[in-house]
Amino acid sequence: MSSVDLPAVAPQLRALRRRAALTLEAAAGAAGLSPAHLSRLETGQRQPSLPMLLALARIYGTTVSELLGETVADRDAVVRAADMEPTAAGGWTYRQAGAPGRGMQALRLHVPHGSQGDIVRVHPGEEWLYVLQGRLRLRLGDTTHLLAPGDSAHFDSLTPHRIAAEDRDGLELLFVHTLLQSPTAALCLGPDPGVMP
């Protein structure tokens, strides 16, 4: 396994762990490392391998690029409405409403009536949604909620959940979910991994 030989990695590892509010022991345990090994990585006494960087990026809710200290000016901080190309998958229409490569994915969704209403998802991470138009039937565990325009929900994605449009015209919603908690976190609804919430 090759290691990354960059002096900027060590302070970045410690800063991002602290930003994620994780102790050395908690972060090391989640990454499958000993606290002493992670401490040596953070002080530059050891160089991390790429698999270690990938694991730490997921745990810290960031990207390997950020762990390496790479930044791009303004990094697509603003997404213009005209640039939100509609994409259809599994009966849903979604528009990317945030920059790619972040710890969260933001989407604007149109959910047609009856589409995907029988799919229940469970995966690591968190989800937040806000109803713009129409009514949303949200099932969380054993409880069903009916959300109207202006209503929102924020929940742990390990709770079995299902989203369906209540009205014949479907619904429009804003949707944000975490991506880097696990390789499967990007797939919540729809058949296309990495794009549907």
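Start by selecting Ile 59 in this predicted model and show whatever touches it: apart from neighbours within four places in sequence, Ile 59 is in contact with Leu 22, Ala 27, Ala 30 and Ala 31. Ile 59 belongs to helix 4. Colour by accessibility and Ile 59 comes out as partly exposed, because its relative accessible area is 22%, and buried means under 20%. Now draw a C-alpha to C-alpha distance from Ile 59 to Ala 30: the two are 7.1 Å apart in space, with their positions 29 residues apart in sequence.

**Next stop: helix 2**

Select residues 24-31, which form helix 2. Which residues of helix 2 are buried? They are Leu 24, Ala 27, Ala 28 and Ala 31. Look down the axis and you will find these four on the same side of helix 2, because they cover an arc of only 100° around the axis. Turn to the other side of helix 2, and there Glu 25, Gly 29 and Ala 30 are exposed.

What do the buried residues of helix 2 pack against? Bring up helix 1 (9-19), helix 3 (35-42) and helix 4 (50-60), for these are their packing partners. Before moving on, click Gly 32, just after helix 2: its phi is positive, at about 75°.

**Two helix crossings**

Keep helix 2 on screen and add helix 3. Their axes lie 8 Å apart and make an angle of about 105°, so helix 2 and helix 3 are roughly perpendicular to each other. To see the contact, show Leu 24, Glu 25, Ala 27 and Ala 28 from helix 2 together with Pro 35, Leu 38, Ser 39 and Glu 42 from helix 3. Coloured by residue class, this contact has five nonpolar residues, one polar and two charged.

Now hide helix 2 and show helix 4 beside helix 3. Here the angle is about 95° and the axes are 13 Å apart; helix 3 and helix 4 are therefore roughly perpendicular to each other. On the helix 3 side, pick His 37, Leu 38, Leu 41 and Glu 42, which meet Met 52, Leu 56 and Tyr 60 in helix 4. The residues of this contact divide into five nonpolar, one polar and one charged. Leu 38 and Glu 42 are worth keeping highlighted, since they take part in the contact with helix 2 and in the contact with helix 4.

**On to the sheet**

Switch to a cartoon view and find the open sheet of six strands, whose order is 1-2-3-9-4-7 with antiparallel pairing. Which strands stand at the edges? Strand 1 (87-89) and strand 7 (152-156) do; each has a single partner strand, so one side of each is left without a neighbour in the sheet. Viewed across the sheet, neighbouring strands are turned by 25° against each other on average, direction ignored.

Step through some of the pairs:

- Strand 2 (residues 92-96) and strand 3 (residues 104-111) run antiparallel and are joined by four bridges. Select Gln 96 and look across to Leu 107 in strand 3, which stands opposite.
- Strand 4 (residues 126-133) and strand 9 (residues 171-178) are antiparallel, with six bridges between them. Click Gln 133 here; its bridge partner in strand 9 is Glu 172.
- Strand 4 is also joined to strand 7, by five bridges, and again the two run antiparallel. Finish the tour at Tyr 130, with Ser 152 of strand 7 opposite.

Key:
Residues numbered from 1 in each chain as written. Predicted model: local features only at pLDDT ≥ 70, side-chain atom pairs only at ≥ 80, totals over all residues. Heavy atoms only, no water. Pairing = 2+ DSSP bridges. Axes fitted to C-alpha atoms, helices over the stretch in contact; angles between N-to-C directions. Buried < 20%, exposed > 50% of the residue type's maximum accessible area, 1.4 Å probe, protein only. Arc of directions from axis to C-beta. Contact = heavy atoms within 4.5 Å. Parallel < 35°, antiparallel > 145°, perpendicular 65-115°, else oblique. Nonpolar A, V, L, I, M, F, W, Y, C, P; charged D, E, K, R; others polar.
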